[in-house]
Amino acid sequence: MAISAIKQSSSKGVDKPQRGILNEDSIRRLVLSIIAVSQVPLITKGVVQPRAAVARCRAEMTLPELDELTLSESGLGFDSLALLDLVLKVNTFFNLHKTGIEDYLLVYQTLGDWVGLIVRHFDLIEDQAEFSFQTSGSTGNPKLITHNIADLQAEVKGIVRNQVLPVRRSSRILNLVPPHHIYGFLFSCLLPSITKLDVVDLHGKPFTNAIRLAIQGDIVLATPFLWNRMARSGMIYEHEVHGVTAAEPSSQETWSVVENTKLSSFTEILGATETGGVGFRKSFDDDFDLLPHLTRDGAHVRRKVSEESYLDLQDRLEWTGDKSFRFGGRIDNAVQVAGVNVSLAHVSDTISAVAGVKQVNVRFVEERIIALVVPHNTSTISQDFYEALHLHVVKNLEPVARPSELIILPELKTNSMGKYTIYCNEPDNV
């Protein structure tokens, strides 16, 4: 295909939400989200200046100004090598190689150009579109999970058609989660592209913005990590506003946000990157119901569109009925930190690899990870040993998987229940 034809398509900004793929606003927010994640290590290293950060640009620029931003060093700060990495990430997420559109990401280098090119990709591929989501890597090596558009559309359309969420024509989506994660993608990108609802993207901003900006009928998307903090804020929603939570299991504190902030309704979606949504519930005391696009097949769950389309479940489902179940925990025994799955075994193995470490115990306490570390030689309990340990953790673990406390001890002691303790008199229920 001629470059001129691609350029002409990108400059027109064709927007076809009726096809149910993605509108331009959703594409732009997805690309900006991928750029923002890619900028983080570059800003930390001083390669990209903080003034070029996506969050700052979005706060200070109009939409036309954003679209004129270049991806290069003079704009969003990517040098030639960093730009290649960014192109790979965008290509991987949207699977642009299936139409050859990825070749033009290095030819046309403004944000608006990229949005137009991705629109053109959808025009060419139509219902064969695919999206690839990456797991965090905090449970070991990150995995790339690819979903086709038909399965994703079936989930969202089933949710709307069966009123799993209180979607109205006047509703807006107030989004507090990363749009390039599957939860954010489904509900802040695909859902509004299908229903033509407006989106107020608050990802990366204080959650107080959602409470301040919400109006009648709005739907707020957040994780339990954010809902828990909202519940403690003392702020209330002054209009009829509905909440949705996903990405990690909720708690009684999460559900206290309904009463504490005066939400009109609250819905929890259970699922994973590998499966999309699996079940939902409207009360903390309720069992989960299978989402409308799914059906039970013995101990398994499959999509209704195909008898062969079984879900790669990441959670234990304890069935209480043909379509209802209780959450039985992660199959891989991961914990959720701020909506991200983290393997405590992976954290422990990483710390154990440090020279001089004899024993490690990793625990999850009050939404944070704590590591107890015993060196081979107790005389090495020094600032130098701690700094070496800390440096290894920073280099080898994602931020959410890094222990908030690294506690170095001469030995690990147990209480009467056989649990490792920090102090000799630590209570048994720790």
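**Two open sheets in a predicted model**

Nine strands (DSSP E runs of at least two residues, numbered from the N terminus) form an open sheet with mixed pairing, in the order E4-E3-E5-E6-E7-E8-E9-E13-E12. Its edges are strand E4 (198-201) and strand E12 (315-319), each of which pairs on one side only, where pairing requires that DSSP finds at least two bridges between two strands. This is a predicted model, in which local features need pLDDT of at least 70 and side-chain atom pairs count only at pLDDT 80 or more, while totals for chains, interfaces and linings use all residues. Residues are numbered from 1 along each chain as its sequence is written, and side-chain values use heavy atoms, with hydrogens and water left out.

**Nine-stranded sheet**

- Neighbouring strands are turned against each other by 35 degrees on average, direction ignored, with axes taken as lines fitted to C-alpha atoms, for helices over the stretch in contact, and angles running from 0 to 180 degrees between N-to-C directions.
- Strand E3 (residues 172-175) runs parallel to E4 and is joined to E4 by four bridges, and Ile173 has Val199 in E4 as its bridge partner.

**Three-stranded sheet**

- A further open sheet, also of mixed pairing, has the strand order E16-E17-E18.
- Strand E16 (357-365) and strand E18 (405-408) each have a single partner strand, so one side of each is left without a neighbour in the sheet.
- E16 and strand E17 (residues 368-375) run antiparallel and are joined by eight bridges; Val365 stands opposite Arg368 in E17.

**Helices on the three-stranded sheet**

- Helix H12 (residues 344-352; helices are DSSP H or I runs of at least four residues) packs on the sheet and touches E16, E17 and E18, contact meaning heavy atoms within 4.5 Å, and its direction makes about 150 degrees with that of E16.
- Helix H13 (residues 383-396) likewise packs on the sheet, touching E16, E17 and E18, and its direction makes about 145 degrees with that of E18.
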